[in-house]
There are 2 protein chains.
Amino acid sequence: MVRVGLTTERLVRAGAELADEVGFDEVTVSALARHFDVKVASLYSHVRNSHDLKTRIALLALAELADRGATALAGRAGKDALAAFANVYRDYAREHPGRYAAAQLRLDPETAAASAGVRHAQMTRAILRGYDLAEPDQTHAVRLLGSVFHGYVSLEMGGGFSHSAPDTQETWTRVVDALDALLRNWPAA
Amino acid sequence: MVRVGLTTERLVRAGAELADEVGFDEVTVSALARHFDVKVASLYSHVRNSHDLKTRIALLALAELADRGATALAGRAGKDALAAFANVYRDYAREHPGRYAAAQLRLDPETAAASAGVRHAQMTRAILRGYDLAEPDQTHAVRLLGSVFHGYVSLEMGGGFSHSAPDTQETWTRVVDALDALLRNWPAA
DNA sequence: TGCAGTTGCCTAAAGCATTTAGGCAAATTA
DNA sequence: TAATTTGCCTAAATGCTTTAGGCAACTGCA
C-alpha cells in the first residue's frame with residue numbers, strides 16, 4: 001500500500017485548485033479522492049464531511065484575500081488605498097473564481113468570527129481613516145464599500161454586465177472614482 | 001391511480017416555496033416529489049432535470065422582483081424612486097430568501113437575455129432619468145446601483161453585518177441617502 | 001356514449017456522492 | 001525490536017439523479 005500523504009491542509013489546497021478549475025459547486029469529496037487516486041473513504045479521516053471541506057476552502061480563500069489586501073494597503077492612503085484594495089477583490093475573483101465563490105459561502109457565526117473576514121472589515125476601516133468620517137457614518141461607509149466590492153465582483157463574474165459597452169474595466173475605475181468622491185463628500189444625516 | 005395534477009408551473013411554484021422554507025440548495029427533485037407524494041420519476045416529464053428546475057425557479061424570482069420593482073417605481077422619481085426600488089430588493093430578499101438566492105443563479109447567456117433581468121436594468125435606467133447623467137456615466141451608475149443593491153442584500157442576508165451597531169435599517173437608509181447625493185454630484189472623468 | 005390517442009404517473013434499474021464501521025499495514029516512537 | 005499511532009483500505013447503507021418502458025386515466029371526436 002503506497003501512502004499518498006494526505007493531510008487536511010493538502011486536501012483543502014487541492015480542493016481550492018479544483019474549485020478554480022471546475023467551479024466550487026463541483027468540488028466534492030469523491031472528486032478530490034479521484035484527484036489523489038485514493039478511495040473516497042480515506043478522505044473522511046481528514047475532513048469531517050463535505051460541508052467541512054467546503055468551509056475550509058472558504059476560510060483559505062478569505063485568508064488569501066486578506067493577505068493580498070494587507071499587502072495592497074501597505075504604504076497607501078486615501079484614494080490610492082481605496083483603488084488598490086478594490087482591485088484586490090476584483091483581481092482575486094478573476095484569478096481564482098472557484099476560491100472567490102468559496103469565500104461567499106455562508107459561515108455559521110462562530111466560524112465567521114474566527115475567520116479572516118474580520119481582517120477585511122478592519123482593513124476597510126483603515127482605508128476610511130483617509131477620509132473624514134465619524135461614527136456612525138464610518139460604519140455605514142464600511143458596509144457600503146463591502147457591498148460595492150462584493151456586489152460588483154459577483155455581478156461581473158456572473159455575467160451581469162456582459163456584452164455591453166462600456167467595458168467593465170472602465171466602469172470599475174469610474175466606480176472607484178465615484179466612491180472616493182462620495183467619501184470625501186459624505187452627506188450629513 | 002389518483003392523478004395529482006402536476007404541471008411545470010405547479011412544480012416551479014412549489015419549488016420556490018420549498019426554497020424559502022429550507023433554502024435554495026435543498027431544493028431537489030426528490031424533495032419536490034415527496035412534497036407531492038409522488039414518485040421521483042414522475043417529475044421528469046415536467047422538468048428536464050434538476051438544473052432545469054432550479055433555472056425555472058430563478059426565472060420566477062426574477063420576474064416577481066421585476067414586477068415589484070415596476071409597482072414601486074410607478075409615480076415616483078428622483079430619490080423617492082431610488083429608495084423605493086432599493087427597498088424592493090431588500091424586502092423581497094427578506095420575505096423570500098430562497099427565491100432571492102435562486103435569482104442569483106448564474107444563467108447561461110440566452111436564458112439571461114430572455115429573463116426578467118433585462119427589465120431590472122431598464123428600471124434602474126429609468127431611475128437615473130431623475131438625475132443628470134449622460135453616457136457613459138449613466139451605464140457606470142447603473143452598474144454601481146446594481147452592485148450596491150445586490151451586494152448589500154447578500155452581505156446582510158449572509159450575516160455579514162450581524163451583531164453590530166448601528167442596525168442595518170439605519171445603514172440602509174443612509175446608504176440610499178449617500179447614493180442619492182453621489183448621483184446628484186457625479187464626479188467628472 | 002364509446003373509442004383512440006394522449007398524458008400522467010408508475011416500476012425498474014443504473015450511476016454517482018455521502019457517510020460510517022472496522023481492518024491491515026506502514027510509519028513513528030520507545 | 002516491540003508497541004503504538006496513523007494512513008489508507010474494503011464493505012455497506014443511504015440518498016439524489018436520470019433514463020427506459022408500461023399501464024391506466026383522462027381528452028376529444030364520432
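These questions and answers go through how two protein chains and two DNA strands meet in a predicted model.

Q: What makes the pair Asp137(B) and Arg174(A) a salt bridge?
A: The test is a side-chain nitrogen of Lys or Arg within 4 Å of a carboxyl oxygen of Asp or Glu. For Arg174(A) and Asp137(B), the closest N and O atoms are 3.1 Å apart, so the pair meets that cut-off. The count between chain A and chain B is two salt bridges, alongside 16 residue pairs in polar contact.

Q: Which elements of chain A give two or more residues to the side that touches chain B?
A: They are helix 9 (137–157) and helix 10 (168–184). Helix 9 gives the most, with 14 residues. By residue kind, this side of chain A divides into 18 nonpolar, 13 polar and seven charged.

Q: How do you know how much area chain A and chain B bury between them?
A: Happily, there is a usual yardstick: the size of an interface is often given as the accessible area lost when the parts come together. Here that comes to about 2900 Å², with 64% of it on carbon and sulfur atoms. On the chain A side, His140(A), Arg143(A) and Arg174(A) lose the most area to chain B, together 25% of what that side buries. Counted by contacts instead, 38 residues of chain A touch 37 residues of chain B.

Q: Why is the relation between chain A and chain B called a two-fold axis?
A: Look at the operation that superposes chain A on chain B: a rotation of 180° with 0.0 Å of shift along its axis, at an RMSD of 0.0 Å. That is the relation of a two-fold axis. If you want to find the axis on screen, try Gly151(A), whose C-alpha is the nearest to it in chain A, at 1.8 Å.

Q: How do you know through which surface the copies meet?
A: Compare the two lists of interface residues: 97% of those of chain A are also interface residues in chain B, so the copies meet through the same surface.

Q: What makes Ser42(B) a polar contact of DNA strand C?
A: A polar contact needs a pair of N or O atoms within 3.5 Å. A polar side-chain atom of Ser42(B) lies 2.5 Å from a phosphate oxygen of DNA strand C, so the pair qualifies. Side-chain N or O atoms of Tyr44(A), at 3.1 Å, and Arg34(A), at 3.2 Å, also reach phosphate oxygens of this strand.

Q: Which residues are closest to DNA strand C, and how many surround it?
A: In total 22 residues surround the strand, and the closest are Thr28(A), Ser50(A), Arg3(B), Gly5(B) and Ser42(B). Sugar and phosphate account for 63% of the strand's atoms that come within 4 Å of the protein. Helix 2 of chain A gives the most to this surface, with three residues.

Q: What makes Thr28(B) a polar contact of DNA strand D?
A: The same 3.5 Å limit applies. An N or O atom in the side chain of Thr28(B) is 2.4 Å from a phosphate oxygen of DNA strand D, so this pair passes. Polar backbone atoms take part as well, with Val29(B) at 3.0 Å and Leu6(A) at 3.2 Å from a phosphate oxygen.

Q: Which part of DNA strand D do the atoms within 4 Å of the protein belong to?
A: Of these atoms, 65% belong to sugar or phosphate and the rest to bases. The residues near the strand divide into 10 nonpolar, eight polar and four charged, and helix 2 of chain B gives the most to this surface, with three residues.

Key
Residues are numbered from 1 along each chain as its sequence is written. Chains are lettered from A and ligands numbered from 1 in the order in which they are written. This is a predicted model: local features need pLDDT of at least 70, side-chain atom pairs count only at pLDDT 80 or more; totals for chains, interfaces and linings use all residues. Side-chain values use heavy atoms; hydrogens and water are left out. A residue is near a molecule or strand if one of its heavy atoms lies within 4 Å of it. A polar contact is a pair of N or O atoms within 3.5 Å; within protein, one must be able to donate a hydrogen and the other to accept it, and residues adjacent in sequence count only if both atoms are side-chain atoms. Helices (H or I, at least four residues) and strands (E, at least two) are DSSP runs, numbered from the N terminus. Contact means heavy atoms within 4.5 Å. Buried area is the accessible area (1.4 Å probe) that two parts lose on being put together, summed over both. Ala, Val, Leu, Ile, Met, Phe, Trp, Tyr, Cys and Pro count as nonpolar, Asp, Glu, Lys and Arg as charged, and the others, Gly among them, as polar. Copies are superposed by least squares on the C-alpha atoms of residues with pLDDT of at least 70 in both.
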